[in-house]
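Visitor: I should like to learn how to read the features of a structure such as this one. May we go through them in turn?

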Amino acid sequence: MAQKTYAGVTVDVNEEGYFTNPLQWTKEIAVEIAKEEGIVLTDQHFAIMEFLRNRFNSGDALSIRSINHSGVIDVKTFYHLFPGAPLKKATKIAGIPKPASCI
Amino acid sequence: MNDTQKFPVKKVNIICAKGAIEDVYATLVLGNGAVMEGIETNIFFTFFGLDAIMKKRMDKLHTGVVGNPALRLPGGMRMPTLLGVIPGMEAFTSGMMMSEMAKLDIPPVSEFLDLITAGGGKIYACKLAMDMFKVKKEDLTEHVIDILTVGEFYALAGGEGSQIIFT
């Protein structure tokens with residue numbers, strides 16, 4: 001298991017940089033990871049990450065479709081906020097494991 | 001850096017030529033998956049695949065119950081071909097498949113196309129198939145951005161790291 005230091009805190013990550021312990025995550029850390037991904041976080045980013053973290057904590061699968069039911073943003077905005085591979089980037093920045101979902 | 005990292009798939013061009021649930025969903029899952037990975041995605045619907053982009057048909061697709069040796073009854077026994085000819089069997093089986101997919105959060109066709117296009121995936125219809133089946137532009141869903149000839153499709157598919165997939 002690898003470790004990385006964000007905002008002065010050392011956290012456990014896997015070989016792809018995803019958190020292995022979501023409890024180590026803080027908003028300050030998220031800002032630093034986002035910087036690595038070339039993203040400047042806004043309130044909208046944090047709102048959808050909170051949705052993803054809640055969904056992960058309650059054991060629900062994370063899919064791109066679930067974003068539309070989040071009541072926070074729609075899928076189009078999600079792609080805009082996290083350009084490229086949004087679900088992968090958003091979960092990485094939100095400090096939760098990479099989703100094992102095909103949809 | 002290994003070969004898969006050095007030469008990633010940058011663009012996929014998926015051709016869907018059949019209109020059964022499993023054919024169309026194979027296309028949509030591949031296409032949406034590519035969009036989710038940040039891969040440029042073009043999907044070209046032709047022949048019976050046109051059903052998946054026709055407003056009146058897209059959310060009413062069926063799966064074949066005759067001549068489908070992989071089809072099983074609940075419990076795992078093979079579905080006898082003769083059962084497939086019972087009226088309503090095709091609709092019943094198709095409904096079962098759709099409800100099983102819904103449990104896995106797999107959306108209906110129209111919503112799947114919403115997701116794909118929201119992420120920048122592009123949907124095309126085949127000109128020749130439309131002429132053949134007498135399908136008009138207004139019969140197609142708004143997700144379709146253009147009607148192409150085969151030559152135009154190949155032109156679209158060009159570029160390094162681009163793949164053509166026939167489902």
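**Reading the model**

Guide: Let us start at a single residue, bearing in mind that this is a predicted model. A:N14 has its place in the loop between β2 (9-13) and α1 (27-36) of chain A.

Visitor: Is A:N14 buried or exposed?

Guide: The general idea is to count neighbours: a residue is called exposed if 12 or fewer other C-beta atoms lie within 10 Å of its own. A:N14 has 12 other C-beta atoms within 10 Å, and therefore A:N14 is exposed.

Visitor: Which residues does A:N14 touch, not counting residues up to four places away in sequence?

Guide: With those sequence neighbours set aside, A:N14 touches A:A2 and A:T20. One may also compare sequence with space: A:N14 and A:Q3 lie 11 residues apart in sequence, and their C-alpha atoms are 8.0 Å apart.

Visitor: Let us turn to a helix. How many residues of helix α5 of chain A are buried?

Guide: Here the neighbour count is applied to each residue, and 20 or more other C-beta atoms within 10 Å make a residue buried. Helix α5 (residues 86-93) of chain A is mostly covered, with six of its eight residues buried. These are A:P86, A:L87, A:A90, A:T91, A:K92 and A:I93.

Visitor: What covers the buried residues of α5(A)?

Guide: The cover includes α1, α2 (43-57), α3 and α4 of chain A, together with α2 (21-36) of chain B. After α5(A) comes A:G95, which has a positive phi, near 70°.

Visitor: How many residues does each chain give to the contact?

Guide: Chain A gives 13 residues and chain B gives 13 residues. On the side of chain A that touches chain B, the elements giving two or more residues are α3 (64-68) and α4 (75-81) of chain A. By class, that side of chain A holds eight nonpolar, three polar and two charged residues.

Visitor: Is the size of an interface expressed in another way as well?

Guide: The size is often given as the accessible area lost when the parts come together.

Visitor: How many helices and strands are there in chain B?

Guide: Chain B has six helices and five strands, and along the sequence they follow the pattern α-β-α-β-α-α-β-α-β-α-β. Taken along the principal axes, the C-alpha atoms of chain B fill a box of roughly 50 × 45 × 25 Å. Of the 167 residues of chain B, 28% count as buried.

Visitor: What share of the contacts in chain B with a separation of 6 or more comes from residues 24 or more positions apart?

Guide: Such residues account for 74% of those contacts in chain B.

Notes:
Residues numbered from 1 in each chain as written. Chains lettered and ligands numbered in written order. Predicted model: local features only at pLDDT ≥ 70, side-chain atom pairs only at ≥ 80, totals over all residues. Contact = placed C-beta atoms within 7 Å. Helix = DSSP H or I, 4+ residues; strand = E, 2+ residues; numbered from the N terminus. Nonpolar A, V, L, I, M, F, W, Y, C, P; charged D, E, K, R; others polar.
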